[in-house]
Structures are given as C-alpha cells and as structure tokens.
Amino acid sequence: MTDCLFCKIVNGTIPSKKIYEDEYVYAFHDIDPKAPVHILIIPKKHISGVPDLRNDDDVVIGRIMRVAHHLAQENGIATSGYRVVVNSGKDAGQAVFHIHYHLLGGRHLAWPPG
Ligand code: AMP
Ligand code: ZN
C-alpha cells in the first residue's frame with residue numbers, strides 16, 4: 001500500500017530502528033516505547049489488521065510469534081517474561097492499520113491491561 005506508514009518503513013521510505021528482517025517479517029523499535037523493551041514485529045506484506053487475515057497469512061503470523069521469542073531472547077527478556085500484544089479496532093486503540101505485534105518486556109506488566 002502506498003499510503004501506509006508501516007509499508008513505508010518496510011520499504012525504507014520512512015526510517016526505523018530495524019532489529020530483524022527476513023523474507024516475511026520486519027521488526028523495529030517502537031518510536032514511543034511503553035516498556036524498556038518495546039519492539040514492533042510486522043509482516044512485510046500489507047495486512048490491515050486481525051479481521052483481514054486470510055488462510056495464506058498463517059505462515060507469516062506463525063513466523064511473527066517465533067520471531068517474537070527470538071527477539072525476546074536477544075533482548076534479555078525471555079526468562080523474566082514478556083507480552084506479545086495485537087490491538088484490533090477502536091476500543092483496543094489500534095492506530096496503525098498495518099497489522100503489528102507489540103513485544104513488550106523489561107518491567108512487570110500489569111494484568112489485566114488498562
Ligand atoms: P497501535 O496503537 O497498536 O496501532 O500501535 C501503533 C504503534 O506504532 C505505537 O506504539 C506507536 O508508538 C508506533 N509508531 C507510530 N509511528 C511509528 C514510527 N514511525 N516508528 C516506530 N513506531 C511507530
Ligand atoms: Zn502497510
């Protein structure tokens with residue numbers, strides 16, 4: 001999509017602090033971190049959100065979860081614990097309509113979330 005912030009991050013039009021990339025997935029530091037570790041993991045392909053997932057996307061979504069654990073290990077939060085969050089829609093506060101998984105950790109994360 002030409003007018004999507006995260007597509008522009010994937011193609012380099014908008015800069016990001018990249019920490020991981022493979023054929024399906026791109027990961028970068030959140031610009032406004034809510035925890036000591038706050039990484040966004042996204043499919044390179046444009047998918048607007050959870051409601052737009054198709055059968056064909058199962059591979060990339062599975063990959064994202066495995067990348068989340070890999071990046072948790074690399075960032076020293078795999079043992080202490082971490083959260084992987086997807087916001088979908090208005091009540092959840094989804095602001096960017098290119099599906100993204102927040103990897104959060106490095107502090108106690110309250111439950112239930114706000
Ligand atoms: P959400 O509310 O789930 O849609 O989350 C969107 C996230 O994208 C927020 O945590 C923002 O801080 C983050 N964000 C917005 N613009 C950028 C950017 N240019 N680079 C990195 N993260 C961003
Ligand atoms: Zn996009």
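Modeller: Let's start with a term: a polar contact is a pair of N or O atoms within 3.5 Å; within protein, one must be able to donate a hydrogen and the other to accept it, and residues adjacent in sequence count only if both atoms are side-chain atoms. This is a predicted model, where local features need pLDDT of at least 70 and side-chain atom pairs count only at pLDDT 80 or more, while totals for chains, interfaces and linings use all residues. Residues are numbered from 1 along each chain as its sequence is written, and side-chain values use heavy atoms, leaving out hydrogens and water.

Biologist: Thanks! What makes the pair of ligand 1 and Ile 31 a polar contact?

Modeller: A nitrogen atom of ligand 1 is 3.1 Å from a polar backbone atom of Ile 31, so the pair falls within the 3.5 Å limit. Likewise, an oxygen atom of the ligand lies 2.8 Å from a side-chain N or O atom of His 102.

Biologist: And what makes Cys 4, Cys 7, His 46 and His 98 donors of the zinc ion (ligand 2)?

Modeller: Donors are N, O and S atoms within 2.8 Å of the metal (3.2 Å for Na, K and Ca); water is not among the atoms, so sites may look incomplete. The SG atoms of Cys 4 and Cys 7 and the ND1 atoms of His 46 and His 98 lie 2.1 to 2.3 Å from the zinc ion, so they qualify.

Biologist: Why is the site called tetrahedral?

Modeller: Four donors count as tetrahedral if all angles lie between 85 and 135 degrees. Here the angles among the 4 donor atoms are 107 to 117 degrees, so the site fits.

Biologist: How do you know whether His 98 is buried or exposed?

Modeller: Buried means under 20% relative accessible area, exposed over 50%, partly exposed in between (1.4 Å probe, protein chains only). His 98 has 0%, so it counts as buried.

Note on methods. Chains lettered and ligands numbered in written order. Tetrahedral: all angles 85-135°; square planar, octahedral: opposite > 155°, others 65-115°.
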